[in-house]
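Trainee: I would like a close look at one part of this model, the salt bridges. Please take them pair by pair and say where the partners sit.

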Amino acid sequence: MKKVLCGILALALLFGVAGLDRASAAALKNEYKLTMNVSTDTAWGKGGVKFAELVKEYTGGKVNVKVYPNAQLVGGDQMRQAEMVSSGAIDFMLNSTINIAPIIPECNAFSLPFMFPSYEAVDAVTKSAGGEMVLKALEKHNMVGLGWGENGFRELTNNVRPVAHPDDLKGLKIRVVTPIYVDIMRALGANAIAMNWGEVFTALQQGVIDGQENPIVGIIIPNKIYEVQKYLTNWHYSYDALILAVNKQVWAGFDPEVQEQIKKAAADAMRWQIYDVSRVGLKDGIEFLKSKGMVVTDPTPEQLAAFRERTKAVYDKWVQNVGPDIVKAFEEAVASYK
């Protein structure tokens with residue numbers, strides 16, 4: 001009788017475990033949505049596509065991430081994406097820190113004027129305690145940060161004159177995205193105009209605005225800004241980081257093995273996006289813009305110092321918004337690289 005009971009118990013345990021496995025598998029959705037601002041043929045967009053491909057590969061097809069470009073899940077309103085991932089309406093995002101900053105102010109650390117002298121300094125920060133503090137801030141808003149991608153340094157274009165000194169910006173109507181950029185442009189004497197990206201090309205074409213600021217490889221070239229802009233200032237005044245993130249409840253729904261597979265997919269995809277796509281095209285990108293007739297200005301260290309001095313009050317003001325501890329960690333990482 002004991003043998004019979006033991007056999008029954010063993011079978012019950014066996015089927016119970018199998019049932020749990022089936023339940024776990026059944027909990028996975030057929031599709032996990034990933035939102036991003038841009039089209040899939042941009043450097044940013046290619047990173048999102050690569051992540052989806054690697055997730056499918058590394059999980060053996062268990063997890064299917066579908067990329068929704070051009071902010072189509074939020075009707076083109078790029079600023080709502082972080083809110084939708086936070087609420088669980090969207091599963092994943094590959095989003096700019098600029099677009100996340102309205103609900104997570106720590107992300108404004110990357111937008112502080114003239115914080116980073118080079119891409120190597122950026123890498124030092126994202127690998128530092130400061131970078132980890134920004135990702136940690138997502139957790140307070142029901143999201144888990146999986147890794148860093150890159151849109152790049154934001155460079156200025158306009159259709160009026162070369163800009164090599166703060167006074168050259170005086171009176172120019174420049175499209176910007178968030179309040180910190182409004183403050184920066186006003187400090188430099190420009191008229192800051194808030195405008196959704198979908199309206200920018202036509203506004204530049206019609207002269208409603210004089211210029212805009214965006215990364216060369218990520219935005220300016222794929223969106224053919226060179227067709228409606230004459231001058232580019234290669235000033236590295238602000239850096240646009242990307243964060244790959246997932247809703248916290250969605251993340252908790254994956255078993256530990258799948259989580260590790262997704263983490264690996266995130267690390268590999270973002271490394272590829274930064275070093276094999278975004279930065280590879282930078283030098284050729286500038287030459288391409290010159291070939292299209294753009295006049296490129298590379299400010300000297302002395303000229304950059306003038307821009308930095310003119311925006312120092314904005315930097316100091318926004319330190320309080322970001323959090324002094326995070327800014328200090330960023331500054332220390334940049335200093336250690338120097």
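Mentor: What follows goes through three salt-bridge pairs and then turns to a set of paired strands.

The model is predicted, and the structure holds 16 salt bridges. Take the pair of Arg-279 and Asp-123, whose closest N and O atoms are 2.8 Å apart. These two residues come from distant parts of the chain, 156 residues apart. Arg-279 is in the loop between helix H11 (256-278) and helix H12 (282-291), while Asp-123 belongs to helix H5 (residues 119-126). With a relative accessible area of 13%, Asp-123 is buried, because buried means under 20%. The pair is also part of a network of salt bridges that links Asp-123, Glu-150 and Arg-279.

A second salt bridge is formed by the side chains of Arg-154 and Asp-240, at 2.8 Å from N to O. Arg-154 lies in strand E4 (residues 143-158) and Asp-240 in strand E8 (residues 231-247), so this salt bridge ties together parts that are 86 residues apart in sequence. Are the two partners buried or exposed? Arg-154 counts as buried, at 2% relative accessibility. Asp-240 counts as buried too, also at 2%.

The third pair is local. Glu-260 and Lys-263 meet through their side chains in a salt bridge of 3.5 Å, N to O. Both residues are in helix H11 and, being 3 residues apart, are separated by about one helical turn. Glu-260 is partly exposed, with a relative accessible area of 49%. Lys-263 is likewise partly exposed, with a value of 39%. Both carry that label because partly exposed covers the range between under 20% and over 50%.

Now the strands. Strand E5 (residues 173-176) and strand E6 (residues 191-194) run parallel and are joined by 4 bridges. Within this pairing, Arg-175 of E5 stands opposite Ile-193 in E6. Helix H7 (residues 179-187) belongs with these two strands: E5, H7 and E6 make a right-handed β-α-β unit. E5 also pairs with strand E7 (residues 211-214), again in parallel, through 2 bridges. There, Ile-174 has Gly-211 in E7 as its bridge partner. Thus E5 is joined to E6 and to E7. As background, side chains in a regular strand alternate between the two faces of the sheet.

Methods
Residues are numbered from 1 along each chain as its sequence is written. This is a predicted model: local features need pLDDT of at least 70, side-chain atom pairs count only at pLDDT 80 or more; totals for chains, interfaces and linings use all residues. Side-chain values use heavy atoms; hydrogens and water are left out. Two strands pair if DSSP finds at least two bridges between them. A crossover is right-handed if, with the strands pointing away from the viewer, the path from the first strand over the helix to the second runs clockwise. A salt bridge is a side-chain nitrogen of Lys or Arg within 4 Å of a carboxyl oxygen of Asp or Glu. Buried means under 20% relative accessible area, exposed over 50%, partly exposed in between (1.4 Å probe, protein chains only).
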